[in-house]
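Dear colleague,

Please find the structure below, handed over for your consideration. My notes on it follow directly after.

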Amino acid sequence: MIFASDNWSGAHPAVNEALAKAADGMAAAYGASDIDKAVERRFNEVFEREVAVYFVGTGTAANSLAFAAVNRPGGVVLCHREAHVIEDECGAPEFFTHGARMAPVDGAGGRLDPSNLRRELKRFRPGFVHAGQPMAVTLSQATEAGTLYSIPEIEALAAIAHEHELALHMDGARFANALAASNASPAEMTWRAGVDILSFGATKNGCWCAEAVVFFDPEKARQFPYIRKRGAQLFSKTRFMAAQFMAYLEGDLWLELAGHSNAMADELRAGIAASSHARLAWPTRSNELFAVFETGIAESLRREGAVFYDWNPPHDGSVPVGENEMLARLVTSWSTRRDDVSRFVELIQ
């Protein structure tokens, strides 16, 4: 009953097969192989336009180097207060931008609130050198709270960002889960809604090590090859990353895997909602969910083999946790088994 993280999951057989096939023979290095070029064309098809795509090894690298591409002296990236880039990346965005700051913005359910974003942007008056310069707005889709932005919500944030001549970046570590939980297409959820740069994650959803930075205006990516190289993310044998993406995107496997992950989370949500020893902390729609457990039940679950993380309550105090309770995060994956979900639900009834 492993619900710690989708990072614990393995690689899908189709991805493994593609890696084995790519290992045979010789291929041009540094992104010049036939499979690299084929995957770049596949990304164009997925997003229904010409994009510039660059493979990197981790989601943290994707986010950090994306910010480096739009950096300004004294740069500031506005993000949700509990975003991965400010809470869980160990200062990498600041490091790779040579000192840009992450500025927190409040919002319920892990989502940036447009009015709060406007208010925070007013703190940076043009010409006031001491405050620095806003350079980007970033949102996570799905969010770290397991919630989703609707298309109109993304459009509203994009309008504010572009009004201030800022790039809108999307951290898509769980982009596939967000798509699988909605009726939107990849294009509708990104560039058609105003997103400029996407960190496209695949590692959590069936790949071994496959992340990409996608620019929806290739002209804005002209300096990115140098930024990626300087950031030590230009792999010589990029064909192994490309091979993963080829298998991942083939026949919409990525959406099928995310759909299974979301479905397993739905079953967990239903079981927790029906429990007399646990409750859902807030509504979620992706493969992440958050629950308040009686401490004794949590300990019993762990003795039975369940693995999940203790979690910090939201900063806004909206989730009360009693003295004999704990807040937990549970995450399903493409490889989560229904039997494990059923066993977990049985133990909390």
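The paragraphs below set out the findings on the nonpolar cores, a surface patch and one loop residue.

Please bear in mind that this is a predicted model.

I begin with the interior. The largest nonpolar core holds 58 residues, and within it Phe-43, Phe-200 and Phe-245 touch the most other members. The element that gives the most to this core is helix α11, spanning residues 239-249, with 7 residues. Once neighbours within four places in sequence are set aside, Phe-43 is in contact with Phe-200 and Phe-245, and also with Val-51, Val-53, Phe-55, Ala-212, Val-214 and Leu-249. Another core, of 25 residues, lies apart from the largest one; Ala-61, Val-77, Cys-79 and Val-213 are among its members. As a general point, nonpolar side chains in soluble globular proteins tend to be buried together.

On the surface, Ile-2, Trp-8 and Tyr-309 make a nonpolar patch of about 300 Å². Tyr-309 belongs to strand β10, residues 309-310. Its relative accessible area is 32%, so Tyr-309 ranks as partly exposed, given that this class runs between 20% and 50%.

Finally, Val-321 sits in the loop between β10 and β11 (325-331). Val-321 is likewise partly exposed, because its relative accessibility is 31%. Neighbours within four places in sequence aside, the contacts of Val-321 are Val-292, Pro-313, Met-326 and Leu-327. Gly-305 is 16 residues away from Val-321 along the chain, and the C-alpha atoms of the two are separated by 24 Å.

With kind regards

Conventions: Residues numbered from 1 in each chain as written. Predicted model: local features only at pLDDT ≥ 70, side-chain atom pairs only at ≥ 80, totals over all residues. Heavy atoms only, no water. Core = buried A, V, L, I, M, F, W, Y, C linked by side-chain atoms within 4.5 Å. Buried < 20%, exposed > 50% of the residue type's maximum accessible area, 1.4 Å probe, protein only. Helix = DSSP H or I, 4+ residues; strand = E, 2+ residues; numbered from the N terminus. Contact = heavy atoms within 4.5 Å. Patch = residues over 30% accessible without salt bridge, like charges linked within 9 Å, V, L, I, M, F, W, Y side chains within 5 Å. Areas by Shrake-Rupley, 256 points an atom, 1.4 Å probe, with all protein chains shown as cover. Salt bridge = Lys/Arg side-chain N within 4 Å of Asp/Glu carboxyl O.
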